[in-house]
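Visitor: I should like to take a close look at a single part of this model, the surroundings of its ligand. Please treat the matter in one connected account.

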Amino acid sequence: MAHTTDSPRPGGEQPAPWLLEVQNLTKSFGGLRAVDHCSFRVERGTITGLIGPNGAGKTTVFNLITGFIAPDSGRIVLDGQDIGRMRPDQIFARGLCRTFQIPREHGTMSVLENLLLVPPNQAGEHWWRALCGGRQLRNEEAHNLAKAREVLEYLQLTHVQNEYAGNLSGGQKKLLELGRTLMADPKIILLDEPAAGVNRTLLQSIVSNIRYLSRERGITFLLIEHDMNMVMSLCDPVIVMSEGRKLAEGKPEIVRNDKAVLEAYLGGQYATAEG
Ligand SMILES: Nc1ncnc2c1ncn2[C@@H]1O[C@H](COP(=O)(O)OP(=O)(O)OP(=O)(O)O)[C@@H](O)[C@H]1O
Ligand SMILES: [Mg+2]
């Protein structure tokens, strides 16, 4: 299901260990500099955490990486290619998918239909389709349907497949968001607060899904989360943002005891829990 991201390049050149790189990324809204010369890298195969206090600029970084907003300056490189000025659909087609902090389901369509709406993004599929012509379309539809059913079963949403997506619980909507990214055969998934508003059981299921997809399908994850238990158990490394910049980066147990990080969170849940 996943792309092979570590195949040798022409000429035998090995790809860089990082799949995604942002360099000096900057974005202002009026007088407010939401992202301020932010630089970091996401290594292939990792589940990298992106944490930081409210308003640190995390979601804005996701919006920049995914092409939803244009950076004022800086570079964004995905798998060796500069994607900084590409449209969201072009970035998506290169294997980068995201979920939203607030789920964006199509409420008046069924859960299954929501999955079938996702366009495939595999390179090569376009010429394959052109060659095969309309004759093969039914097969392709059958393939998509089978894939959607597999994703539903995997996320334990089969029992609500014909339900309007708008009627799902908050946690189920989060799972559906994850499901939509899986339909696209992504190289890397950006998750914006996957645990928010999700009960303990569903949370366990999201965590084990991410672990499985990372381990078995080779998908790389960049994950924004305020739930520190989830970050500490799932992510390595963890990148900390504060006031639009990268403040710290490292193994979760190192980052959690970093003085500057604790100060950035001062008054927040984390500092209280530690203190
Ligand atoms: N479209 C926008 N227009 C104006 N200001 C914005 C816009 N998007 C974000 N901001 C501002 O940029 C700053 C960073 O916001 P952002 O949503 O990136 O933070 P965040 O780290 O994701 O926070 P949270 O953890 O609360 O989700 C905030 O001060 C926010 O108000
Ligand atoms: Mg946010």
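How do the residues of the shell around ligand 1 divide into nonpolar, polar and charged?

Guide: The model is a predicted one. The shell around ligand 1 divides into five nonpolar, seven polar and two charged residues. In total, 14 residues surround the ligand, and the closest are N54, K58, T59, T60 and H226.

Several polar contacts can be described individually. An oxygen atom of ligand 1 lies 2.9 Å from a backbone N or O atom of G55. For G57, a backbone N or O atom is found 3.0 Å from an oxygen atom of the ligand. With T60 it is the side chain that takes part: one of its N or O atoms is 2.6 Å from an oxygen atom of ligand 1. On its own, ligand 1 has 640 Å² of accessible area, and the protein covers 61% of this. Two elements, β2 (32-43) and α1 (58-65), give two or more residues to the shell. The largest share, three residues, comes from α1.

H226, one of the closest residues to ligand 1, belongs to the loop between β8 (220-224) and α8 (228-234). H226 counts as buried because its relative accessibility is 18%, below the 20% limit for that class. Its side chain also makes a polar contact, at 3.4 Å, with the side chain of E193.

The loop that follows α8, leading to β9 (238-242), holds P237. P237 likewise has a relative accessibility of 18% and therefore counts as buried. Leaving aside residues up to four places away in sequence, P237 touches T46, I47, T48, G49, E249 and G250. The C-alpha atoms of P237 and E43 are 9.2 Å apart in space, although 194 residues separate the two in sequence.

The setting of these details is the protein as a whole. Its secondary structure comprises 11 helices and 10 strands. Of its 275 residues, 49% are buried. Among contacts between residues at least 6 apart in sequence, 69% join residues at least 24 apart. The accessible surface of the protein amounts to about 13,600 Å², and carbon and sulfur atoms account for 50% of it.

Conventions:
Residues are numbered from 1 along each chain as its sequence is written. Chains are lettered from A and ligands numbered from 1 in the order in which they are written. This is a predicted model: local features need pLDDT of at least 70, side-chain atom pairs count only at pLDDT 80 or more; totals for chains, interfaces and linings use all residues. Side-chain values use heavy atoms; hydrogens and water are left out. Helices (H or I, at least four residues) and strands (E, at least two) are DSSP runs, numbered from the N terminus. Buried means under 20% relative accessible area, exposed over 50%, partly exposed in between (1.4 Å probe, protein chains only). A polar contact is a pair of N or O atoms within 3.5 Å; within protein, one must be able to donate a hydrogen and the other to accept it, and residues adjacent in sequence count only if both atoms are side-chain atoms. Contact means heavy atoms within 4.5 Å. Accessible areas come from the Shrake-Rupley method with a 1.4 Å probe; for residues, only the protein chains shown count as cover. A residue is near a molecule or strand if one of its heavy atoms lies within 4 Å of it. Ala, Val, Leu, Ile, Met, Phe, Trp, Tyr, Cys and Pro count as nonpolar, Asp, Glu, Lys and Arg as charged, and the others, Gly among them, as polar.
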